[in-house]
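Hi everyone, thanks for making time for this. Please have the viewer open in front of you, and we can walk through it together.

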Amino acid sequence: MGRLSRLTAGCAGVAVAVFGAAALLMSLRGAPPDGLLADPAAALVPAGLSLLLQVLPVRHRGTGRVVHGLGHLLMILAAAVGALGIAGQPGPAIATLVAVAVLVLLARLIRTLHGAERRQRRLVGELEDREKFAATLLQSMNEAVMVMDANYHVIDVNRRWRELTGHGADEPVRFDPPPVPPAGGDWLLPRVDGSTVPVLATVAPIPDERGAPRAYVATYVDIADRKRAEETLSEHAAELERGNTALREANTRLEAALTFKNDLTSMLTHDVAQPISSIASLAELLRADWDDLPDDIRLELATKIDKNTQRLIKMMNDLQLLFRLDMGSVTARRAPVPLREVAEAVAAATSSQVRVLVGDDVSALADRGHVTAVLQNLVNNAVAYGSPPIEVSAERRGETVELAVRDNGPGISDELLPNLFGRFMRGAGLGLFIVRHLVEANGGSVRYEQATPQGAKLVVTFELAPV
């Protein structure tokens with residue numbers, strides 16, 4: 001009901017009042033036996049006025065109560081006037097009362113419909129306010145929001161979503177289908193230019209009264225700054241770890257250098273001091289008793305001095321090579337090396353007790369100088385700590401060749417084996433340590449085997465030279 005309905009009801013009230021007044025005047029052309037109130041038509045006047053007052057639009061609540069209260073009093077007066085006419089004119093009185101009742105119902109209906117209309121307008125206003133509030137809230141959110149129906153069709157998006165995806169202010173959504181993340185969490189939101197932006201995405205269903213999704217709300221939080229901060233932090237952490245690794249490596253090198261210094265000091269005070277002391281004693285004896293010593297004794301003392309001198313020279317050469325190995329400056333220039341030729345040269349320069357059992361057609365792919373130094377150290381070690389005969393042999397093993405030096409001595413005790421090829425091995429000098437590094441520089445390996453029935457066997461593996 002609107003203004004038209006109230007206007008119609010008001011006109012009806014005026015018409016009823018006028019009709020009642022006209023009927024009353026017509027009935028009064030003669031002398032009324034009982035006065036004006038004895039005519040039932042008189043009830044229509046207050047009834048019509050009551051209907052008019054009932055439908056009048058009153059904005060102020062207090063005034064409305066007065067007007068509507070007056071309308072109720074007029075309706076009561078109309079009913080009373082109609083009831084008074086029953087005794088004299090029952091038919092018209094009853095008809096008048098029915099008309100008054102109809103007007104009462106009409107007024108009640110108009111008031112009820114008017115109240116419903118006001119409530120409806122109020123509800124519509126509240127809904128419009130809520131929609132405006134929801135729209136304002138959606139557009140003012142810092143998070144990007146996309147609202148979709150149950151079929152994932154876009155209903156609305158907010159300003160932040162348009163900024164993140166590169167859409168204009170009034171531009172329609174250009175994604176089909178819309179960018180819905182497969183699950184909550186970190187995700188890359190696509191943009192209209194083909195790029196992406198890292199976001200923290202969530203998708204929440206909006207259920208209906210049965211619990212089925214009737215819409216979906218997808219929320220995207222820009223985490224580009226957080227990602228950059230995480231990457232920066234990761235870079236700093238990686239840089240710190242690299243610094244820690246370099247520091248650990250430097251500490252390791254420092255510890256190795258200190259160990260090397262201590263081992264070198266120990267070797268110099270033990271292995272080097274002995275031949276120097278022997279040379280000094282023999283030279284002093286030779287100088288002091290030169291005139292009294294026969295020639296053969298002089299030769300023997302001179303020979304011992306020379307042997308100790310050569311031993312010192314070898315130690316100095318080994319130390320020089322050791323320094324180069326520690327600095328990593330030793331490189332191998334590999335080429336085919338005939339092992340029989342190298343073995344015979346080493347045997348001739350070392351001892352007549354060395355037998356060479358190497359074929360003419362066996363060659364290793366290695367640095368010839370390194371192979372010579374390896375074989376010299378192995379043969380010298382066998383001569384010094386083993387027993388004759390000493391054998392140098394070589395055999396092919398597939399794509400490799402094994403060069404072995406064997407003696408018939410007591411072998412090497414088990415407690416020395418774990419550090420047999422270590423630096424400054426007691427009783428072996430620098431020889432086996434240098435052997436290991438020279439062999440590894442040529443891509444080979446060295447190992448110890450217990451010879452049968454006795455003796456020590458050191459085996460070096462090189463790559464077989466192509467024929």
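I'll start with the whole chain, then visit a pair of buried residues, a group of strands, a surface patch and some salt bridges.

One thing to say early: what you are looking at is a predicted model.

So, the overall picture. The protein chain has ten helices and twelve strands. Of its 467 residues, 34% are buried. The chain exposes about 28,000 Å², and 58% of that comes from carbon and sulfur atoms. Now think about how the sequence folds back on itself. If you take contacts between residues at least 6 apart in sequence, 60% of them join residues at least 24 apart.

Let's zoom in on asparagine 158. Where does asparagine 158 sit? You'll find it in the loop between β2, residues 154–157, and α5, residues 159–165. Is asparagine 158 buried or exposed? Its relative accessibility is 0%, so it counts as buried. What does its side chain reach? The answer is the backbone oxygen of glutamate 143, at 2.8 Å. Once we set aside neighbours within four places in sequence, asparagine 158 touches Leu138, Gln139, Met141, Glu143, Ala144 and Val145. Notice that glutamate 143 turns up in that contact list too.

Now move along to histidine 167, in the loop between α5 and β3, residues 185–190. Histidine 167 is buried as well, because its relative accessible area is 8% and the cut-off for buried is under 20%. A polar atom of its side chain lies 3.0 Å from the backbone nitrogen of arginine 174. Again leaving out neighbours within four places, the residues in contact with histidine 167 include Trp161, Pro172, Phe175 and Val192.

Next, some strands. Please find β10, residues 400–406. This strand is mostly covered, with five of its seven residues buried. Which strands does β10 pair with? On one hand there is β9, residues 390–397, which pairs with β10 in the antiparallel sense over seven bridges. On the other there is β12, residues 456–464, also antiparallel to β10 and joined to it by seven bridges. If you'd like particular residues to click on, serine 393 has alanine 404 in β10 as its bridge partner, and valine 405 has leucine 458 in β12. β9 and β10 form a hairpin with two residues between them. In that turn, glycine 398 has a positive phi of about 70°.

Let's go out to the surface. Leu70, Leu73 and Ile76 make a nonpolar patch of about 310 Å² there. Isoleucine 76 belongs to helix α3, residues 61–84. With a relative accessibility of 56%, isoleucine 76 counts as exposed, because the cut-off for that is over 50%.

Last topic: salt bridges. Side chains of opposite charge can pair when their charged atoms come close. How many salt bridges are there here? The count comes to 24, and I've picked three for today.

The side chains of arginine 160 and aspartate 222 meet in a salt bridge, 3.4 Å from N to O. Arginine 160 is in helix α5 and aspartate 222 is in strand β5, residues 213–222, so this pair ties together parts that are 62 residues apart in sequence. Arginine 160 is partly exposed, at 21% relative accessibility, and aspartate 222 is partly exposed too, at 33%.

My second pick is arginine 368 with glutamate 341, where the closest N and O atoms are 2.6 Å apart. Here the link runs between two helices: arginine 368 lies in α9, residues 368–385, and glutamate 341 in α8, residues 339–350, so the pair ties together parts 27 residues apart in sequence. Both ends are partly exposed, with arginine 368 at 39% and glutamate 341 at 46%.

The third is glutamate 449 with arginine 447, with 3.0 Å between the closest N and O atoms. Which network does this pair belong to? Salt bridges that share partners join Glu395, Arg397, Glu402, Arg447 and Glu449 into one network. As for cover, glutamate 449 is partly exposed at 28%, and arginine 447 is partly exposed at 32%.

If you revisit one spot afterwards, try β10, with β9 and β12 as its antiparallel partners. Thanks for listening!

Note on methods. Residues numbered from 1 in each chain as written. Predicted model: local features only at pLDDT ≥ 70, side-chain atom pairs only at ≥ 80, totals over all residues. Heavy atoms only, no water. Helix = DSSP H or I, 4+ residues; strand = E, 2+ residues; numbered from the N terminus. Buried < 20%, exposed > 50% of the residue type's maximum accessible area, 1.4 Å probe, protein only. Polar contact = N/O pair within 3.5 Å; in protein donor to acceptor, adjacent residues only side chain to side chain. Contact = heavy atoms within 4.5 Å. Areas by Shrake-Rupley, 256 points an atom, 1.4 Å probe, with all protein chains shown as cover. Pairing = 2+ DSSP bridges. Patch = residues over 30% accessible without salt bridge, like charges linked within 9 Å, V, L, I, M, F, W, Y side chains within 5 Å. Salt bridge = Lys/Arg side-chain N within 4 Å of Asp/Glu carboxyl O.
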